[in-house]
Amino acid sequence: MPSRHFTTRTTATSLTDTVANTVRQMLIQGELRAGQRLSEAALSQQLDISRNTLREVFRILIKEGLLHHEPNRGVSVVVPSIADIIDIYRVRRLIECQSLEKAWPLHPAHKRMRDAVASAQQARDTKDWRSVGSANMAFHAAIVGLSDSERLSAMFEDLAAELRLAFGMLDDPEYLHAPYVDLNARLLQMFMEGQTAAAARELETYLVQSERMVLAVYARQMS
């Protein structure tokens, strides 16, 4: 996957920025899958934009490493490699654990963490594992939000999109997502009780466990 230059994303200043963010969210929510070829005609109609605008959006997301263009074959969603997954988790441990450890327990982002835990629990009850995965991404985005850094939040958004693509390639979403519903609830409780250092240590162990699980299943899928 090509290297990316992360920039601060503030309020969208153009239609292209807005639509690029919409497609990015489609990746994070699991609506687009790794390797999926994107039809200009269908996607421009779905997003209610011109093909020229969509091509500009494609250029942005190709530069970010989320889409791939192949001559005579068009644009498709990237397929993360094992090396990508290892690097994603390395960065996640650096930014998420620090964000959690240094934050004030009543930081406004704790409400987003709480809402994400509640959404995941509700989705688990109905066996809606894709929604559980989306709630999990929202929980971790809220942890990064504790840092009050727009740059880190923008970086995490790209990481979350790549990670969700990897998740989408795995056959058993329940196995992948179910254990982390209760773990997220535990992290939230520890954080709200002011045990931020302990919560950060727990999160680091959690992310190592998650990485090993994803890599093991991913390696079997790719073999």
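A residue counts as buried under 20% relative accessible area, as exposed over 50%, and as partly exposed in between. The exercises below apply this definition to a predicted model.

**Exercise 1. Positive phi angles in loops**

Task: Determine where K127 lies and whether K127 is buried or exposed.

Solution.
Step 1. K127 is placed in the loop between α5 and α6, the latter helix covering residues 129-145.
Step 2. The relative accessibility of K127 is 53%, so K127 counts as exposed.
Step 3. The backbone adds a further feature: phi of K127 is near 60 degrees, a positive value in a residue other than glycine.
Step 4. D148 can be treated in the same manner. D148 lies in the loop between α6 and α7, and D148 has a positive phi of about 60 degrees without being a glycine. With 63% relative accessibility, D148 counts as exposed.

**Exercise 2. Two domains and the core between them**

Task: State into which domains the protein is divided, and explain where the largest nonpolar core lies with respect to them.

Solution.
Step 1. The division gives domain 1 (15-77) and domain 2 (82-222).
Step 2. The C-alpha centres of the two domains are 25 Å apart. In the contact between them, 14 residues of domain 1 meet twelve residues of domain 2.
Step 3. The largest nonpolar core comprises 62 residues, and L38, L47, L100, M113, F139 and L203 have the most contacts inside it.
Step 4. Helix α9 (residues 196-222) supplies the largest share of this core, namely nine residues.
Step 5. Both domain 1 and domain 2 give residues to this core, so the core lies between them.
Step 6. L203 serves as an example of the packing. Leaving aside residues up to four places away in sequence, L203 touches E96, C97, L100, H140, I143 and L187.
Step 7. A second, separate core has six residues, among them A120, W129, V132 and A135.

**Exercise 3. Two buried residues**

Task: Classify V23 and H177 as buried or exposed, and list what each touches.

Solution.
Step 1. V23 is found in helix α1. Its relative accessibility is 1%, so V23 counts as buried.
Step 2. Residues up to four places away in sequence being left out, V23 touches L32, L47, V57 and L61.
Step 3. H177 belongs to helix α8 (residues 173-192). Its relative accessibility is 6%, so H177 also counts as buried.
Step 4. With the same sequence neighbours left out, H177 touches W129, V132, G133 and F167.

**Exercise 4. Salt bridges**

Task: State how many salt bridges the whole structure contains, and describe the pairs D158 with R24, E202 with R186, and D115 with R114.

Solution.
Step 1. A search of the whole structure finds twelve salt bridges.
Step 2. The side chains of D158 and R24 meet at 3.6 Å, N to O. This pair links distant parts of the chain: D158 is in helix α7 (residues 150-168) and R24 in helix α1 (residues 15-28), 134 residues apart. Both D158 and R24 are buried.
Step 3. D158 and R24 also belong to a network of salt bridges that links R24, E64, E157 and D158.
Step 4. The side chains of E202 and R186 meet at 2.6 Å, N to O. E202 is in helix α9 and R186 in helix α8, 16 residues apart. E202 has a relative accessible area of 24% and is therefore partly exposed; R186, at 42% relative accessibility, also counts as partly exposed.
Step 5. In the pair D115 and R114, the closest N and O atoms are 3.9 Å apart. D115 has a relative accessible area of 43% and is partly exposed. R114 counts as partly exposed at 44% relative accessibility.

**Exercise 5. A nonpolar patch on the surface**

Task: Name the residues that form a nonpolar patch on the surface, and classify L106 as buried, partly exposed or exposed.

Solution.
Step 1. The patch is formed by W104, L106 and M192, which together have about 330 Å² of accessible area.
Step 2. L106 lies in the loop between α4 (82-102) and α5 (109-125).
Step 3. The relative accessibility of L106 is 48%, so L106 counts as partly exposed.

Conventions:
Residues numbered from 1 in each chain as written. Predicted model: local features only at pLDDT ≥ 70, side-chain atom pairs only at ≥ 80, totals over all residues. Heavy atoms only, no water. Core = buried A, V, L, I, M, F, W, Y, C linked by side-chain atoms within 4.5 Å. Buried < 20%, exposed > 50% of the residue type's maximum accessible area, 1.4 Å probe, protein only. Helix = DSSP H or I, 4+ residues; strand = E, 2+ residues; numbered from the N terminus. Domains from an automatic or database assignment. Contact = heavy atoms within 4.5 Å. Patch = residues over 30% accessible without salt bridge, like charges linked within 9 Å, V, L, I, M, F, W, Y side chains within 5 Å. Areas by Shrake-Rupley, 256 points an atom, 1.4 Å probe, with all protein chains shown as cover. Salt bridge = Lys/Arg side-chain N within 4 Å of Asp/Glu carboxyl O.
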